[in-house]
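Colleague: Could you walk me through this model at an easy pace?

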Amino acid sequence: MTTTLLCCDWGTTAFRLRLMTVEDQRCVGELRTQSGIARTFSDWKTDGRPKRVSQEDFFRHRLKTYIGQLAVQVQHSLAGTPVLISGMASSSIGMTEVPYAGLPFALDGSQASIRFFESQSDFPHELGLISGVASSNDVMRGEETQLIGAVSLLSWAAQPDKSVFIFPGTHAKHLFVENEQLTHFETFMTGELFGLMAKHSILADSVETADLTSLSEADEAAFRQGVRQSITKPMLAALFTVRTNDLFDRLTKRQNALYLSGLLIGSELGHLLQKTDWPIRLCSSPNLATVYTLAIDELKLTHRTTLVPPDLIDRAAPAGQLQVYQQKREKQPI
């Protein structure tokens, strides 16, 4: 009987591997790197494909290296420990492509789409590759596993019949849950658009984006101003006001960056003003929780919003993977 599981969250830009106990979901050891799927895929095209190493084998070898590093950290062999991976590893630029699950999607993990791989002589780990979820016009990989974990950690019995779970990020996700099923979701390119506007557009010289985590009153006021502007002015016109703020010395470049952030986050959240009967669950990392909380307050959504503790969100991915593991091991043991 398996007592520990290697839980891997392999995203586009980052890699995180945790050794978890199955029974009490305790993290025994952890390894993080910036070798996300995009970098690993690029490495394969440069170093693996010319040597006729398959994409799958290249990713497996990279994963084996990281498991070895974690084994050194925890000071015992991890050979034979099953591995579950969620995130972008199941995409076309990952280890191998696995079909998406569809909607509605049960949050007990029973409908997760998984491809299993047997242990090999040079990779002594049975492996489960968890795919994402697709609707008729949207896709995600990784957030569905985080959602499964978050709901299990929150104890659904204490939750309302329906909620929209917000996962901020480069591509923010709004996940609509009814009666313990994901029924609809939307993707917002909030973080990516901020990066493009702040670094690669005419607005780049009007903002200063270094260290925007600790905010003064003036910083908060600039951010709130952007949120208000996002719901009163068309976005394509509102974006140019970032430049005029700088030209007319209305805001400092730092404040202007926060104004830009407010424009984009306000635009992302604005549609929730019309969904008055949907409780909101903000599932954010600490670095984004402050600005999203400010935006929610400025939009007067605080009364129906719950901030899910960041430490719980930090544990959501492995909790979701363990939930999927518990559901799948009887049907198709790994």
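Modeller: We can go through the sheet, then some helix packing, and then a few points in the loops, keeping in mind that this is a predicted model.

Colleague: Okay, the sheet then. What is the order of its strands?

Modeller: The sheet is open and has six strands, which run in the order β3-β2-β1-β4-β7-β6, and the pairing among them is mixed. Neighbouring strands are turned against each other by 15° on average, if direction is ignored.

Colleague: Which strands stand at the edges?

Modeller: Those are β3, residues 27–33, and β6, residues 114–117; each has a single partner strand, so one side of each is left without a neighbour in the sheet.

Colleague: And how does β2 pair with β3, parallel or antiparallel?

Modeller: Strand β2, which covers residues 15–21, pairs with β3 in the antiparallel sense over six bridges. As one place to look, Arg 18 has Glu 30 in β3 as its bridge partner.

Colleague: What about β4, is that strand buried or exposed?

Modeller: Strand β4 covers residues 83–87, and five of its five residues are buried, so the strand is largely enclosed by the rest of the structure. Val 83, Ile 85 and Gly 87 point one way from β4, while Leu 84 and Ser 86 point the other way, and all of these are buried.

Colleague: In which sense does β4 pair with β1?

Modeller: Strand β1, residues 4–10, and β4 pair in the parallel sense over five bridges, and Cys 8 has Ile 85 in β4 as its bridge partner. With strand β7, residues 127–130, β4 also pairs in the parallel sense, over three bridges, and there the bridge partner of Val 83 is Leu 127.

Colleague: Switching to helices: at what angle do α7 and α8 pack?

Modeller: Helix α7, residues 253–269, packs against helix α8, residues 286–298, at an angle of about 60°, and their axes are 10 Å apart. That angle makes α7 oblique to α8, and the crossing is right-handed.

Colleague: Which residues meet there?

Modeller: From α7 there are Ile 265, Glu 268 and Leu 269, and these meet Val 291, Tyr 292, Ala 295 and Ile 296 in α8. The residues of this contact divide into six nonpolar, no polar and one charged.

Colleague: How do α5 and α8 cross?

Modeller: The axes of helix α5, residues 217–230, and α8 come within 10 Å and cross at roughly 55°, which makes α5 oblique to α8. This crossing is right-handed. The contact involves Glu 220, Phe 223, Arg 224, Val 227 and Arg 228 of α5, together with Val 291, Leu 294, Ala 295, Asp 297 and Glu 298 of α8, and its residues divide into five nonpolar, no polar and five charged.

Colleague: Now the loops. Which residues does the cis peptide bond join?

Modeller: A cis peptide bond joins Leu 103 and Pro 104, with omega at about -5°, and Pro 104 lies in the loop between β4 and β5. For background, most peptide bonds are trans, and most residues other than glycine have a negative phi.

Colleague: So what is the phi of Arg 52?

Modeller: Arg 52 is not a glycine, yet its phi is positive, at about 60°. Arg 52 sits in the loop between α1 and α2, and because its relative accessibility is 82%, Arg 52 counts as exposed.

Colleague: And where is Asp 249?

Modeller: Asp 249 is in the loop between α6 and α7. Although Asp 249 is not a glycine, its phi is positive, at about 55°, and at 67% relative accessibility Asp 249 counts as exposed.

Key. Residues numbered from 1 in each chain as written. Predicted model: local features only at pLDDT ≥ 70, side-chain atom pairs only at ≥ 80, totals over all residues. Heavy atoms only, no water. Pairing = 2+ DSSP bridges. Helix = DSSP H or I, 4+ residues; strand = E, 2+ residues; numbered from the N terminus. Axes fitted to C-alpha atoms, helices over the stretch in contact; angles between N-to-C directions. Parallel < 35°, antiparallel > 145°, perpendicular 65-115°, else oblique. Left-handed = near helix turned anticlockwise from the far one by under 90°. Contact = heavy atoms within 4.5 Å. Nonpolar A, V, L, I, M, F, W, Y, C, P; charged D, E, K, R; others polar. Buried < 20%, exposed > 50% of the residue type's maximum accessible area, 1.4 Å probe, protein only.
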